[in-house]
Structure formats: C-alpha cells, structure tokens
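Colleague: Please take a close look at one part of this model. I would like its packing first, then the charged contacts around it.

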Amino acid sequence: QAVDLLATHQAEAEALEALGKLRVEGAIEKLTAALDKESFCDVIRSGAIAGLCYLRTEAALDVIAGWLTEDRPALCRLSATLALGRMGRDKPELRPRVLDLLEGALHPMPGVRHQLALCSALGTVGTEPALPLLRELEERGVGGLVRRFSREHAQSIRRKQDRTAPF
C-alpha cells in the first residue's frame, strides 16, 4: 500500500513537471496550488517546483525563491536550488537575479547536500558570474566532495568560455 501511495505521488509530480514544460494557460496557479500538498519526501512539491522552472517567468521565479528559505523543508530547498540553475541557464534575462538568489543561499553556509545542489545549480547556469560563487564553495565548502564538485563545475565553465572565445 505504501508503494502504491509513493507511485501515485510520483505520477502527480511528473504530471506537474509536464504541466510546466507545456506552459499551458493557468499553469502557474496549478503549480503554486500543488505546493500546499503534503507527500512522502515532498515529491509533489519537488515536481511542482520543477514545473515552475520550465515556465521561465518572473512570477515563477518569485514562487521558487520563496522555497529557498530555512523554514522550508530541506528537499524543497534542494529542488528550488536546482530549479534556479535551470532557469538561469534557459532564460538569460533572469540570470542576474538567479545568481543573486543562489549567492543568498550561500549565507549562512548551508549543509553539505545543499552545497552540492548549489554547485550543480551554478554549473548549470554555466556563465562567468557563477565562478566567484563556485570558488567560495570550493574554499568554504564542507568536505572534499563539495570542493571537488565546485572545482569541476568551474573548470567546465572556463572550458566553455575558451571554446566560445573569439580568436
């Protein structure tokens, strides 16, 4: 019975993410309403947050930003962090605000799982302004894994810049 419930929650989360990808009219309202639903491991909320990032709007960014705060469940904060990375990559106009939000998530320094999510999000944004934040994670991050991930994402961004630099 628990497996059926989890499968139902996972199916709803996937449907919410698809709703965002399709960008149907009224999607933001439906996705925002889904954020109030309780589920095992916050699967439904994570699906709604993922769906919001595909809308690529300022309003969706505002909703996602509200899920970065310490009073929100940890898994939702991780989902919001990763969603910000995708938004920053896919919508250049929102990139400065996304980077500000990710920088705000660094202070005070979060736990190791959130640090890894920040590395991933900054790597997904993939632009030069993310480098100082990755450097900070490399210097202040907890554990070797965070330092390695931040270093690898920074190298990836630099390689990308080198490939696109004019000769």
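**Helix 4 and its surroundings**

Modeller: This is a predicted model. The cover over the buried residues of helix 4 includes helix 2 (27–34), helix 3 (43–55), helix 5 (74–90) and helix 6 (95–105). Helix 4 itself spans residues 58–65, and its buried residues are A60, L61, V63, I64 and A65. An α-helix has 3.6 residues a turn, so residues three or four places apart point the same way.

D62 of helix 4 is not on that buried list. With 41% relative accessibility, D62 is partly exposed because buried means under 20% and exposed over 50%. D62 forms a salt bridge with R97, and the closest N and O atoms are 2.7 Å apart. That pair links distant parts of the chain: D62 sits in helix 4 and R97 in helix 6, 35 residues apart. R97 is partly exposed too, at 29%.

Now the loop between helix 3 and helix 4. R56 lies there. Its side chain meets that of D90 in a salt bridge, 3.5 Å from N to O. D90 belongs to helix 5, so this pair ties together parts that are 34 residues apart in sequence. Both ends count as partly exposed: D90 at 26% relative accessibility, R56 at 24%.

These pairs are among twelve salt bridges in the structure. Another one joins the side chains of E93 and K91, at 3.3 Å from N to O. Here E93 is exposed, at 55% relative accessibility, whereas K91 is partly exposed, at 26%. Elsewhere, E38, D42 and R45 form one network through salt bridges that share partners.

Technical notes:
Residues numbered from 1 in each chain as written. Predicted model: local features only at pLDDT ≥ 70, side-chain atom pairs only at ≥ 80, totals over all residues. Heavy atoms only, no water. Buried < 20%, exposed > 50% of the residue type's maximum accessible area, 1.4 Å probe, protein only. Helix = DSSP H or I, 4+ residues; strand = E, 2+ residues; numbered from the N terminus. Contact = heavy atoms within 4.5 Å. Salt bridge = Lys/Arg side-chain N within 4 Å of Asp/Glu carboxyl O.
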